[in-house]
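Here's a quick tour for the bench, starting with the cysteines and moving on to the pockets and the ligand. Have the structure open while you read.

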Amino acid sequence: MDLDALKANLKKDFKKIVSQEELNQLKVKYLGKKGQITELSKNIKNLPSKERPTFGKKIGELRSLYESFLGSAQEKIELQIINESLEKDRIDVTLPGSYKSQGKLHPLTITTKKIADFFSSKGYLIEDGPEIESDYYNFDALNIPKDHPARDMHDTFYLENGNLLRTHTSPVQIRSIEKRGAPLKIICPGKVYRSDADKTHTPMFHQVEGLVINENVNFGHLKNEIMTFIDFFFGPDTKVRFRPSYFPFTEPSAEVDIMDKKSNNWLEIMGCGLVHPNVIDMAGLDSKKFSGFAFGMGIERMAKLLYEIEDMRSLFSNDLKFLSQ
Ligand code: DAH
């Protein structure tokens, strides 16, 4: 092929280039081992020596033409690649965002955690106990013998084998003393069961039990702990009152009320007292050496006050509209 024809082809070829791949093919076509310019250059040795300089010069011009075509083609292709990716990745900021619904913690979980956080920060262990309980742990060991009227108030679910669904978390008091001895500081959050259902009662609900056993524990210790807890849970300006009450497993016993700021009514939030010596002895400690205080509260009730929930049953209805509030 002669030089002028090659030059014309070169121009035509580079004009058509649209991809990196085609460009690579052109490099091979012209300057590869068997490329057209390469082949032409080899011919120089067959020429008569006086023609060689002119020919050499022309080949040189051809090469630099090739180089400049190559350079601008390469530039064009790179620009094209950038433009394509800009086009593809373009973000339309006016489109609405994509919505992902996120799970939330259940109000009872949050309430339990808030209670547990307070007591663990004061050194209480968090204990667990069985929901299927024996008569002994649920009643007898808590100073509630078989013919005791307090048993009637518990609306107990009995199982066929004589066991029952625990009616309160208090049996964990006994189990913890048996397991760990004294001194002892525990709370036990968990499910309890009573055959009862209306606006303010569900057959399954949650309680948190608390128990402290040591030497010389007195009512002042109990009162201080509960007041500090109420400050933390309901805020520091909450009015509190301890009202004398009766529980078989504590003596003396009290119920704790807080003043509802909205309705100006006293609301009962927990039972408490000094652990009855019979309970301490039955659990295997010496009541002459050890004393203690205990308290128990309903978690639904605490959640109800924290979130101003009207109907207790909405906590268990799995209504997402309610739960996501
Ligand atoms: N177990 C009681 C109930 O379910 C609540 C209770 C009252 C627990 C006084 C206590 C306590 O530990 O000292 O009604």
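## Cysteines

You won't find any disulfides here: the count is 0. Keep in mind that this is a predicted model. A disulfide is a covalent bond between the sulfur atoms of two cysteines.

Why is C188 not in a disulfide? Its sulfur sits 17 Å from the closest cysteine sulfur, the one in C272, and that's too far for a bond; the cut-off is within 2.5 Å. Turn it around and the story holds for C272, whose closest cysteine sulfur is in C188, 17 Å away and too far for a bond.

Are these two cysteines buried or exposed? C188 has 0% relative accessibility, so it counts as buried. C272 comes in at 2%, so it counts as buried too.

## The largest pocket

The largest pocket offers about 980 Å³ of space. Its lining is made up of 37 residues, and those nearest the centre are R194, F205, Q207, F247 and E268. Which elements give two or more residues to that lining? They are the strands β5 (204–214), β6 (240–247), β7 (250–259), β8 (266–275) and β9 (291–298), plus the helix α10 (299–307).

As for chemistry, the lining of this pocket has 16 nonpolar, 13 polar and 8 charged residues.

## The second largest pocket

Next comes the second largest pocket, with a volume of about 400 Å³. It's lined by 14 residues, and D260, L267, K304, L305 and E308 are the closest to its centre. Two elements, β7 and α10, give two or more residues to the lining. The biggest contributor is α10, with 3 residues.

By class, the lining of the second largest pocket splits into 7 nonpolar, 1 polar and 6 charged residues.

## Around the ligand

How many residues are around the ligand? There are 15, and H168, S170, R194, Q207 and E209 come nearest. Two of those names may ring a bell: R194 and Q207 are also among the residues nearest the centre of the largest pocket.

Now for some polar contacts. On the nitrogen side, a ligand nitrogen atom lies 2.9 Å from an N or O atom in the H168 side chain. A ligand nitrogen is also 2.9 Å from an N or O atom in the side chain of S170. On the oxygen side, Q207 has a side-chain N or O atom 2.9 Å from an oxygen atom of the ligand.

How values were computed: Residues numbered from 1 in each chain as written. Predicted model: local features only at pLDDT ≥ 70, side-chain atom pairs only at ≥ 80, totals over all residues. Heavy atoms only, no water. Buried < 20%, exposed > 50% of the residue type's maximum accessible area, 1.4 Å probe, protein only. 1 Å grid on protein atoms, 1.4 Å probe; cavity = no way out; pocket = protein on both sides within 12 Å on 5 of 7 lines; lining within 4 Å. Points joined across faces, edges and corners; volume = space filled by probe spheres on them. Helix = DSSP H or I, 4+ residues; strand = E, 2+ residues; numbered from the N terminus. Nonpolar A, V, L, I, M, F, W, Y, C, P; charged D, E, K, R; others polar. Near = heavy atom within 4 Å. Polar contact = N/O pair within 3.5 Å; in protein donor to acceptor, adjacent residues only side chain to side chain.
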